[in-house]
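Student: I am new to this structure and would like a close look at a single part of it. Could you take me through the sheet and what packs around it?

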Amino acid sequence: MLSPDARAEDLSARLVGIGFSPRLSDHTDHTRIEAEVPEAVSPEVWRDLLELLEEADWFGLAVSSTAAHIVWAGIRKGPPRRSVPLGDQAIS
């Protein structure tokens, strides 16, 4: 398993590989990766982009009517959170 820094660098390099210009910002508990989304993006690039973002600990898309759309991803610096399968969660 890659270190958090290596994961962030890998994700950033792979974004470059599909045509994006990512920016990394270092925070206390995570590294944030952002990239502007061009106005015209093919369905294939969207698919590739989403496949890459799924590898982050969390990700999203910031949409604005006055500015460029920004995709972002967060890579946690500590150990990953334990995920609980949906069927194993208690509902109260």
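Tutor: Happy to help; here is a walk through the sheet, then its helices, and then the residues packed among them.

A word on the source: this is a predicted model, in which local features need pLDDT of at least 70 and side-chain atom pairs count only at pLDDT 80 or more, while totals for chains, interfaces and linings use all residues. Residues are numbered from 1 along each chain as its sequence is written, and side-chain values use heavy atoms, with hydrogens and water left out.

Let's start with the sheet. Four strands form an open sheet in the order 1-2-4-3, with antiparallel pairing. (Strands are DSSP runs of E with at least two residues, helices are runs of H or I with at least four, and both are numbered from the N terminus; two strands pair if DSSP finds at least two bridges between them.) Strand 1 (23-26) and strand 3 (58-62) stand at the edges with a single partner strand each, so one side of each has no neighbour in the sheet. From one strand to the next, the twist averages 20°.

Strand 2 and strand 4 run antiparallel and are joined by eight bridges. I33, for instance, has A73 in strand 4 as its bridge partner. Helix 1 packs on the sheet, touching strand 1, strand 2 and strand 4, and its direction makes about 155° with that of strand 4. Helix 2 also packs on the sheet, but touches strand 2, strand 3 and strand 4, at about 25° to the direction of strand 4. (Contact means heavy atoms within 4.5 Å; axes are lines fitted to C-alpha atoms, for helices over the stretch in contact, and angles run from 0 to 180 degrees between N-to-C directions.)

Now for the packing. The largest nonpolar core (buried Ala, Val, Leu, Ile, Met, Phe, Trp, Tyr and Cys residues joined through side-chain atoms within 4.5 Å) has 15 residues, and among those with the most contacts inside it are L11, F20, I33 and L49. Helix 1 (4-17), strand 2 (30-37), helix 2 (43-53) and strand 4 (69-76) each supply at least two residues of this core. Setting aside residues up to four places away in sequence, L49 touches L15, I18, F20 and V71.

Finally, look at V37 in strand 2. V37 is buried, with a relative accessible area of 8% (buried means under 20%, exposed over 50%, partly exposed in between, with a 1.4 Å probe and protein chains only). Beyond its neighbours within four places in sequence, V37 is in contact with F20, W46, L61, H69 and V71.
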